Amino acid sequence: MSTVLILGASRGIGLEFVRQYRADGHRVIATARSEAGIEALQALGAEAHRVDLTDPAAVAGLGWKLDGEAVDVAIYNAGVIGPRSEGAQPVQQQDFDEVMHVNVLGPMMALPLLLPLVEAGRGGQGGVLAVLSSRMGSIGAMDSNRSWLYRTSKAAVNAVLKCVSLDARQATCVALHPGWVRTDMGGSGADLAVEDSVGGMRRVLAGASRADNGSFHAYDGAELPW
Ligand SMILES: NC(=O)c1ccc[n+]([C@@H]2O[C@H](COP(=O)([O-])OP(=O)(O)OC[C@H]3O[C@@H](n4cnc5c(N)ncnc54)[C@H](OP(=O)(O)O)[C@@H]3O)[C@@H](O)[C@H]2O)c1
């Protein structure tokens, strides 16, 4: 049995990670920011903590609660898409603050706290620390500027992941692209069922070794350019 930690797991991809890891008998610790989210996590048998990942005091408090845990797989899943703009149009500060706080500030506060827990994972061999990024944040693969605030935030979180990976001594830090997935964010017309996306990402995480530290992979295992 592994210990798995999912941050921002009230619905969509995060909740499906919780469901699948619990179905396989793993211990799951997960966070949500609403009471409904906490109830959804508890219904799946997860240990649930209420955390708004943009709140520094709440993230620090989670760090204290988890002190001493050895975590085999930790995933920062929370994300928001912000305005679905067509081109590179001027950005409103309120939109910038919301998207950058959830997608970038949250990981910059949480990942350094999680790294020591993950270093102790997999029986002291080092676990896997992942962030849900997006192919839309790949500068190398960028062929559209739709939702450019979101793209910029995911490019930034890719840099965050790479920076954290340089502090990892034995843990493996990876950025993940889940595919285009049928969730509230992805919409009903998306390519992939959430079960298949999460199943694929779990295979990537299970197969990740130290050679993958500081890499960017899609749910099907394909390596993506930064
Ligand atoms: N769906 C796709 O096609 C797709 C593609 C590429 C990347 N991704 C990435 O995959 C991740 C999950 O996406 P999804 O499709 O499952 O999105 P979703 O259905 O919109 O769910 C987003 C999750 O993030 C949580 N969240 C947002 N702000 C938060 C905050 N301040 N504190 C704590 N939790 C917060 C939400 O909690 P609440 O319920 O409280 O709002 C919810 O659980 C995101 O990082 C997203 O960018 C998704």
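How many salt bridges does a search of the whole structure find? The search finds 6. The structure is a predicted model. This report starts with its strands, moves on to charged pairs, and ends with its empty spaces.

## Strands and crossovers

Start with strand S1, residues 3-7, and strand S2, residues 27-32. These two strands run parallel and are joined by 4 bridges. One pairing to find on screen is Val4 with its bridge partner in S2, Val28. Between the two strands the chain passes through helix H1, residues 12-23. This β-α-β crossover is right-handed.

Strand S2 also pairs with strand S3, residues 47-50. Again the sense is parallel, and again there are 4 bridges. Here Thr31 stands opposite His49 of S3. The chain gets from S2 to S3 by way of helix H2, residues 35-43. That β-α-β crossover is right-handed too.

Is S2 largely enclosed or open? Of its 6 residues, 5 are buried, so the rest of the structure largely encloses this strand. A general point helps when looking at any strand. In a regular strand, side chains alternate between the two faces of the sheet.

## Salt bridges between distant parts

Side chains of opposite charge can pair when their charged atoms come close. Take Arg11 and Asp184. Their closest N and O atoms are 2.8 Å apart. Arg11 sits in the loop between S1 and H1, while Asp184 sits in the loop between strand S6 (172-177) and helix H6 (194-207). The two residues are 173 residues apart in sequence, so their salt bridge ties together distant stretches of the chain. Arg11 is partly exposed, at 48% relative accessible area. Asp184 has a relative accessibility of 59%, so this residue counts as exposed.

Glu35 and Arg50 form another salt bridge, with an N to O distance of 2.9 Å. Glu35 belongs to helix H2 and Arg50 to strand S3, and they are 15 residues apart. Both residues are partly exposed: Glu35 at 41% relative accessibility, and Arg50 at 48%. There is also a network: Arg27, Glu47 and Glu69 are joined by salt bridges that share partners.

## A salt bridge within one helix

Glu16 and Arg19 make a salt bridge inside helix H1. Their N to O distance is 2.7 Å. Why are they separated by about one helical turn? They are 3 residues apart in the helix, and therefore about one turn lies between them.

The two partners differ in exposure. Glu16 has a relative accessible area of 6%, so Glu16 is buried. Arg19, at 36% relative accessibility, counts as partly exposed.

## Two residues with positive phi

Arg122 is not a glycine, yet its phi is positive, at about 50°. Look for Arg122 in the loop between helix H4 and strand S5 (128-132). Arg122 is partly exposed, with a relative accessible area of 30%.

Ser147 also has a positive phi of about 50° without being a glycine. Its place is the loop between S5 and H5. Is Ser147 buried or exposed? The relative accessible area of Ser147 is 7%, and the cut-off for buried is under 20%. Ser147 is therefore buried.

## The cavity

A search of the whole structure finds 1 cavity of 30 Å³ or more. Its volume is about 40 Å³. Which residues line this cavity? They are Val59, Leu62, Gly63, Leu66, Ala110, Leu113 and Leu114.

By class, 6 of these residues are nonpolar, 1 is polar and none is charged. Helices H3 (56-66) and H4 (93-119) each supply at least two of them. Helix H3 gives the most, with 4 residues.

## The largest pocket

The largest pocket has a volume of about 1100 Å³. Its lining holds 45 residues. Nearest the pocket centre lie Gly79, Tyr150, Thr183, Met185 and Gly186.

Helix H1 and helix H5 (148-165) each give at least two residues to the lining of this pocket. How does the lining divide by class? The lining has 18 nonpolar, 16 polar and 11 charged residues.

Key
Residues are numbered from 1 along each chain as its sequence is written. This is a predicted model: local features need pLDDT of at least 70, side-chain atom pairs count only at pLDDT 80 or more; totals for chains, interfaces and linings use all residues. Side-chain values use heavy atoms; hydrogens and water are left out. On a 1 Å grid over the protein atoms alone, a cavity is a set of points where a 1.4 Å probe fits but cannot get out, and a pocket is an open set with protein on both sides within 12 Å along at least five of seven lines; lining residues have an atom within 4 Å of a point. Grid points are joined across faces, edges and corners, and a volume is the space filled by probe spheres set on the points. Ala, Val, Leu, Ile, Met, Phe, Trp, Tyr, Cys and Pro count as nonpolar, Asp, Glu, Lys and Arg as charged, and the others, Gly among them, as polar. Buried means under 20% relative accessible area, exposed over 50%, partly exposed in between (1.4 Å probe, protein chains only). Two strands pair if DSSP finds at least two bridges between them. A crossover is right-handed if, with the strands pointing away from the viewer, the path from the first strand over the helix to the second runs clockwise. A salt bridge is a side-chain nitrogen of Lys or Arg within 4 Å of a carboxyl oxygen of Asp or Glu.
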